[in-house]
Amino acid sequence: AAEIVFKERGVSRTSLAEIATAAGVTRGAVYWHFKNKADLFDAMIQRVFGMMEDKLAELQGDADLNPVDLLVELALHFVDRVANDQRYYHLLEISWHKCEYVGEMARSRDRHLECGNRYLSLSEETFRIAQARGCLSASIDPRQAAVGLMAVVDGLVVNWTLDRSLFPLADYGPAIIRTYLAGLRAA
């Protein structure tokens, strides 16, 4: 119910009472599970990032995987989920385009930044490992490569969730991500 109301009205213009009405429950029932709207929003968004962290753990368990391939698989998984899972798409659309991260929502912004910084650090470290193994060109700065990957993936998804008619994410996303990462590999 929160997803539906947030999508229609935006996060800042939605009250817990409206969410309760949409869910067919009392406002007290919503407060039983969530302290406030920010808490409910964080729980909703955690479903997206929780799935990504599960996928990352699965990929890290494959010791034979080239470190750059780990990043490719993680990015492709994310793009695939956004392009092919309506619920995932809606959560990101709300998060990026229907939420003002001020007031009670500022805490959610901080959590999103923390998650983004973890992904950036993980990518940088993975690029360092790839470089040490000879899978990444020695002339590439791992931090720059990580920032570039984040910019490519986030740029694709942010723009596609804003206007799905711009390009077919399921087709363009993997090709663009692979092209970016192919340019970083050692010859």
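These exercises work through the fold, helix packing, core and selected residues of a predicted model.

**Exercise 1. Describe the overall fold of the protein.**

Step 1. Count the secondary structure elements. The protein has nine helices and zero strands.

Step 2. Write them in sequence order. The pattern is α-α-α-α-α-α-α-α-α.

Step 3. Take the extent of the C-alpha atoms. Along the principal axes they fill a box of roughly 60 × 35 × 30 Å.

Step 4. Check burial. Of the 187 residues, 43% are buried.

Step 5. Check the sequence range of the contacts. Among contacts between residues at least 6 apart in sequence, 67% join residues at least 24 apart.

**Exercise 2. Work out how H8 and H9 are oriented to each other, and what lines their contact.**

Step 1. Locate the helices. H8 covers residues 142–162, and H9 covers residues 169–182.

Step 2. Take the geometry. Their axes come within 11 Å and cross at roughly 170 degrees.

Step 3. Classify the angle. Angles over 145 degrees count as roughly antiparallel, so H8 and H9 are roughly antiparallel to each other.

Step 4. List the contact residues. H8 brings Gln144, Ala145, Gly148, Leu149, Val152, Val153, Leu156 and Trp160. H9 brings Leu169, Gly173, Ile176, Ile177, Tyr180 and Leu181.

Step 5. Sort them by chemistry. Eleven residues of this contact are nonpolar, three are polar and none is charged.

**Exercise 3. Do the same for H6 and H8.**

Step 1. Take the geometry. The axes of H6 and H8 are 9 Å apart, at an angle of about 95 degrees.

Step 2. Classify the angle. The range from 65 to 115 degrees counts as roughly perpendicular, so H6 is roughly perpendicular to H8.

Step 3. List the contact residues. Tyr89, Leu92, Glu93, Trp96 and His97 come from H6. They meet Asp154, Val157, Val158, Trp160, Thr161 and Leu162 in H8.

Step 4. Sort them by chemistry. This contact has seven nonpolar, two polar and two charged residues.

Step 5. Look for a residue listed in both exercises. Trp160 of H8 appears in the contact with H9 and in the contact with H6.

**Exercise 4. Dissect the largest nonpolar core.**

Step 1. Recall the general trend. In soluble globular proteins, nonpolar side chains tend to be buried together.

Step 2. Size the core and find its hubs. It holds 55 residues, and Phe6, Phe41, Phe127 and Ile177 touch the most other members.

Step 3. Trace the sources. H1, H2, H4, H5, H6, H7, H8 and H9 each supply at least two residues. H5 gives the most, with eleven.

Step 4. Place one hub, phenylalanine 6. It is found in helix H1. Its relative accessibility is 0%, so it counts as buried. The buried residues of H1 are Ala2, Glu3, Val5 and Phe6.

Step 5. List its contacts, leaving out residues up to four places away in sequence. Phenylalanine 6 touches Val11, Thr14, Ile19, Lys37, Leu40, Phe41, Met44, Ile94 and Lys98.

Step 6. Repeat for phenylalanine 41, leaving out neighbours within four places. Its contacts are Phe6, Val11, Ile94, Ser95, Cys99, Tyr101, Met105, Ser108 and His112. Phe6 and Phe41 thus touch each other.

**Exercise 5. Explain why cysteine 99 has no disulfide partner.**

Step 1. Search the whole structure. It contains zero disulfides.

Step 2. Find the closest cysteine sulfur to that of cysteine 99. It belongs to cysteine 115, 15 Å away.

Step 3. Apply the cut-off. A disulfide needs two sulfur atoms within 2.5 Å, so 15 Å is too far for a bond.

Step 4. Add the surroundings. Cysteine 99 is buried, with a relative accessible area of 11%.

**Exercise 6. Place arginine 185 and aspartate 62, and state how exposed each one is.**

Step 1. Start with arginine 185. It lies in the segment after H9. Its relative accessible area is 30%, so it is partly exposed.

Step 2. List the contacts of arginine 185, leaving aside neighbours within four places. They are Asn66, Val68, Asp69, Val72, Cys135, Leu136 and Ser137. One of these, cysteine 135, is buried at 19%.

Step 3. Take a C-alpha distance. Arginine 185 and isoleucine 140 are 45 residues apart in sequence and 9.0 Å apart in space.

Step 4. Turn to aspartate 62. It is in the loop between H4 and H5. At 38% relative accessibility, it counts as partly exposed.

How values were computed: Residues are numbered from 1 along each chain as its sequence is written. This is a predicted model: local features need pLDDT of at least 70, side-chain atom pairs count only at pLDDT 80 or more; totals for chains, interfaces and linings use all residues. Side-chain values use heavy atoms; hydrogens and water are left out. Axes are lines fitted to C-alpha atoms, for helices over the stretch in contact, and angles run from 0 to 180 degrees between N-to-C directions. Helices (H or I, at least four residues) and strands (E, at least two) are DSSP runs, numbered from the N terminus. Angles under 35 degrees count as roughly parallel, over 145 as roughly antiparallel, 65 to 115 as roughly perpendicular and the rest as oblique. Contact means heavy atoms within 4.5 Å. Ala, Val, Leu, Ile, Met, Phe, Trp, Tyr, Cys and Pro count as nonpolar, Asp, Glu, Lys and Arg as charged, and the others, Gly among them, as polar. A nonpolar core is a set of buried Ala, Val, Leu, Ile, Met, Phe, Trp, Tyr and Cys residues joined through side-chain atoms within 4.5 Å. Buried means under 20% relative accessible area, exposed over 50%, partly exposed in between (1.4 Å probe, protein chains only).
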